[in-house]
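Work through the exercises below with the sequence and the structure in view. Each task is followed by a solution in steps.

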Amino acid sequence: MEGDPLKLHDRVAIITGGAQGIGRAIGLLLAQNGADIVIADKNDQQAEETVQEISLLGRKSLAVKVDVSNFSEAEKLGKTVFDAFGRIDILVNNAGITRDGLFLRMKEEEWDEVIAINLKSVFNCSKGVIRYLGKQRGGKIISVASVVGQMGNIGQANYAASKAGIIGFTKTLAREFASRRIMVNAVAPGFIETDMTRTLPEKVREEFISNIPLGRMGTPEEIAEAVLFLASDASNYITGQVINVNGGLYM
Ligand code: NAI
């Protein structure tokens, strides 16, 4: 990963679920490109480690312990970050979980938990930052959806619904805030090598990979590149879009 420290010079980015996996890769790449980074994660120990790594890149970084599914905790995040940094430019809604199971066996708690952490969190955190982005008359909200929200996937009714919900939310906010120059977009990853996919049985992984035209899983860094583009001025005429980073799995 190479960065251009002027690209996001002195901008402040909040990354939910940024302690590990895709969120961590986003934090490192945005920092390499000049941004100061807030890692908002419920796993504060892991978040601190990532913050240390980011600090070594010469940028300011802060870990904030937050459960993004909790409205008041997540909404407070905006104020906490504004008080610490004096501005907010970029929100990356990345925190997410899976609780897979076939529909007939899926429990109400599994539905509720996934909708709360993956989808309601996006409402909560966007509420927390929007007034600061509005006052600055500009900013970027980028949410991590999934190819599963576009195609569906057996055993993931809850997850697919949460990710499709993110796409509808993104397009609506893009329309509501375009006049204030707040650009709202999503990235829809395909099948990416992280803890979330590492636990899948080898046979299931092979089956998934056989359906990907590029013939391999993606890396967290490849998702981070798309987020960097949407966070930077290079994408200032882009809003309400979903960028698919999926090796051609869904076109
Ligand atoms: P991961 O499991 O490696 O990391 C998720 C992070 O979110 C962790 O640091 C965790 O502590 C944090 N988190 C979970 N619940 C939270 C909560 N309530 N409040 C605050 N933080 C919380 O997952 P990964 O793979 O990095 O996924 C990141 C995003 O990318 C998720 O939204 C996921 O749905 C999405 N995605 C992942 C794909 C993959 O193949 N790995 C494919 C498509 C989308």
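**Exercise 1. Charges**

Task: State how far apart the mean positions of the positive and negative charges of the protein are.

Solution: The model is a predicted one. The protein has 28 positive and 30 negative charges. Taking the mean position of each group gives two points that lie 7 Å apart.

**Exercise 2. Overall build**

Task: List the secondary structure of the protein, then decide from the radius of gyration whether the protein is as compact as a globular protein of its length or not.

Solution: Begin with the elements: the protein has nine helices and seven strands. Next, take the radius of gyration, which is 17 Å. For 251 residues the globule rule gives 18 Å, and the value for the protein is close to that, so the protein is as compact as a globular protein of that length. As for extent, a box of roughly 50 × 40 × 35 Å along the principal axes holds the C-alpha atoms.

**Exercise 3. Inside and surface**

Task: Find what share of the residues is buried, and what share of the accessible surface belongs to carbon and sulfur atoms.

Solution: Of the 251 residues in the protein, 50% are buried. The accessible surface is about 12000 Å², and carbon and sulfur atoms account for 53% of that surface. A further step concerns contacts between residues at least 6 apart in sequence: 74% of them join residues at least 24 apart.

**Exercise 4. An aromatic pair**

Task: Count the aromatic pairs, then classify the pair of F82 and Y132 from its geometry.

Solution: The count is three aromatic pairs. For F82 and Y132, the ring centres are 4.7 Å apart and the planes meet at 20°. Planes under 30 degrees apart count as stacked, so this pair, at 20°, is stacked. Now place the two residues: F82 belongs to helix 3 (residues 71-85) and Y132 to helix 4 (residues 108-135), so the pair ties together parts that are 50 residues apart in sequence. Last comes accessibility. F82 has 31% relative accessibility and counts as partly exposed, whereas Y132, at 8%, counts as buried.

**Exercise 5. Two loop arginines**

Task: Locate R137 and R181, and give the phi angle of R137 and of R181.

Solution: R137 sits in the loop between helix 4 and strand 5 (139-144). Its phi is positive, about 50°, although R137 is not a glycine. With a relative accessible area of 48%, R137 is partly exposed. R181 sits in the loop between helix 6 (157-177) and strand 6 (182-189). The phi of R181 is also positive, near 60°, and R181 is a residue other than glycine. To relate the two loops, set aside the neighbours of R181 within four places in sequence: R181 is then in contact with R137, G138 and G139. R181 and G138 are 43 residues apart in sequence, with their C-alpha atoms 4.6 Å apart.

**Exercise 6. A helix arginine**

Task: Describe the position of R198 and name the residues it contacts beyond four places in sequence.

Solution: R198 is part of helix 7 (residues 195-198). Its relative accessible area is 48%, so R198 is partly exposed. Beyond neighbours within four places in sequence, R198 is in contact with E193 and R205. R198 and A84 are 114 residues apart in sequence, and their C-alpha atoms are 36 Å apart.

Technical notes: Residues are numbered from 1 along each chain as its sequence is written. This is a predicted model: local features need pLDDT of at least 70, side-chain atom pairs count only at pLDDT 80 or more; totals for chains, interfaces and linings use all residues. Side-chain values use heavy atoms; hydrogens and water are left out. Helices (H or I, at least four residues) and strands (E, at least two) are DSSP runs, numbered from the N terminus. The radius of gyration is taken over C-alpha atoms; the globule rule is 2.2 Å times the number of residues to the power 0.38. Buried means under 20% relative accessible area, exposed over 50%, partly exposed in between (1.4 Å probe, protein chains only). Contact means heavy atoms within 4.5 Å. Accessible areas come from the Shrake-Rupley method with a 1.4 Å probe; for residues, only the protein chains shown count as cover. Lys and Arg count as positive and Asp and Glu as negative; His and the chain ends are not counted. The place of a charge is taken as NZ of Lys, CZ of Arg, CG of Asp or CD of Glu. Rings of Phe, Tyr and Trp (its six-membered ring) pair if their centres lie within 6.5 Å; planes under 30 degrees apart count as stacked, over 60 as edge-to-face and the rest as tilted.
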